[in-house]
Amino acid sequence: MSPFHSRSQVLIVEDDSDLREALSQILEDEGYGVSSAEHGRAALEWLREGSRPCLILLDLTMPVMNGWQFRAEQKQDPMLASIPVVVISAGANLAEQIVPLEIEHYIRKPIQLGQLLATVQRYCHEPDARPDA
């Protein structure tokens, strides 16, 4: 399968199934395509199958493979390194935590809807934008 970059596909990597479902529903209601993974290992497997989302929303604290481990592997893979990542976390000192991850943006939990949508729109094309609009 050749790599496919979707300009309106978002990958949510979050171990909390309720939050993962809620974020998926919100973004789908806005017209985005959404895929999700419950930990970093599952996300890497999905990405290595050839999918290229416009953005990865990444929790840091997860079982199997946490966000730091995921990001380290992502950065080492030339096919995946350029996919933007935004951390979603309730952790303290987030601004400091994301520096070694080489991530520019984060969203603090509990997630504010306006901030989520503005952040996704920053990285992804509006899904229902028409050329004549």
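**Figure 1. Buried residues of helix 5 in the predicted model.** In this predicted model, the buried residues of helix 5 are Leu 116, Leu 117, Thr 119 and Val 120. Viewed down the helix axis, these residues fall within an arc of 160°, so they line one face of helix 5. Their packing partners are strand 2, helix 1, strand 5, strand 6 and strand 7, the last of these spanning residues 105–108. Helix 5 itself comprises residues 113–123, and the segment after it contains Cys 124.

**Figure 2. The disulfide between Cys 54 and Cys 124.** The structure holds one disulfide, in which the sulfur atoms of Cys 54 and Cys 124 are 1.9 Å apart. The torsion about the S-S bond is about 90°, so the disulfide is right-handed. The pair links distant parts of the chain, with the two positions 70 residues apart in numbering. Cys 54 is in the loop between strand 4 (51–52) and strand 5 (55–58), whereas Cys 124 is in the segment after helix 5. Both ends of the link are buried: the relative accessible area is 3% for Cys 54 and 4% for Cys 124.

**Figure 3. The β-α-β unit formed by strand 2, helix 1 and strand 3.** Strand 2 (residues 9–13), strand 3 (residues 33–37) and their parallel pairing over five bridges are the subject of this view. Within the pairing, Gln 9 has Gly 33 of strand 3 as its bridge partner. Together with helix 1 (residues 17–29), the two strands make a right-handed β-α-β unit. The whole protein has five helices and seven strands, which follow one another from the N terminus in the order β-β-α-β-α-β-β-α-β-α-β-α.

**Figure 4. The surroundings of Leu 11.** Leu 11 belongs to strand 2 and has a relative accessibility of 0%, so this residue counts as buried. Beyond its neighbours up to four places away in sequence, Leu 11 touches Ser 35, Ser 36, Ala 37, Ala 43, Trp 46, Leu 47, Pro 53, Leu 55, Ile 56 and Leu 57. One of these residues is Trp 46; its C-alpha atom is separated from that of Leu 11 by 9.5 Å, with the two residues 35 positions apart along the chain. For the protein as a whole, residues 24 or more positions apart account for 65% of the contacts with a separation of 6 or more. Of its 133 residues, 41% count as buried.

**Figure 5. Helix 3 and its start.** Helix 3 spans residues 67–76, and its buried residues are Gly 67, Phe 70, Arg 71 and Gln 74. These residues cover an arc of only 95° around the axis, which puts them on the same side of helix 3. They pack against helix 2 (40–48), strand 5 and strand 6. At the start of the helix, the backbone nitrogen of Trp 68 has a side-chain oxygen of Asn 66 within 3.0 Å.

**Figure 6. Leu 60 and Ser 89 in contact.** Leu 60 is placed in the loop between strand 5 and helix 3, while Ser 89 lies in strand 6 (residues 85–89). Leu 60 counts as buried at 0% relative accessibility, and Ser 89 counts as buried at 5%. Outside the residues up to four places away in sequence, Leu 60 touches Asn 66, Gly 67, Trp 68, Val 87, Ile 88, Ser 89, Leu 94, Gln 97 and Leu 101. With neighbours within four places left aside, Ser 89 is in contact with Asp 59, Leu 60, Leu 94, Ile 107, Arg 108 and Lys 109. The C-alpha atoms of Leu 60 and Gly 40 are separated by 9.1 Å, and these positions lie 20 residues apart in numbering.

**Figure 7. Backbone features in three loops.** The peptide bond from Lys 109 to Pro 110 is cis, with omega near 0°, and Pro 110 is situated in the loop between strand 7 and helix 5. Val 64, a residue other than glycine, has a positive phi near 70°. Val 64 is in the loop between strand 5 and helix 3 and is exposed, with a relative accessible area of 63%. Glu 102, likewise not a glycine, has a positive phi near 60°. Glu 102 is in the loop between helix 4 (94–97) and strand 7, and its relative accessibility of 59% means that Glu 102 counts as exposed.

Technical notes: Residues numbered from 1 in each chain as written. Predicted model: local features only at pLDDT ≥ 70, side-chain atom pairs only at ≥ 80, totals over all residues. Heavy atoms only, no water. Helix = DSSP H or I, 4+ residues; strand = E, 2+ residues; numbered from the N terminus. Buried < 20%, exposed > 50% of the residue type's maximum accessible area, 1.4 Å probe, protein only. Contact = heavy atoms within 4.5 Å. Disulfide = S-S within 2.5 Å. Arc of directions from axis to C-beta. Polar contact = N/O pair within 3.5 Å; in protein donor to acceptor, adjacent residues only side chain to side chain. Pairing = 2+ DSSP bridges. Right-handed = clockwise from strand over helix to strand, strands pointing away.
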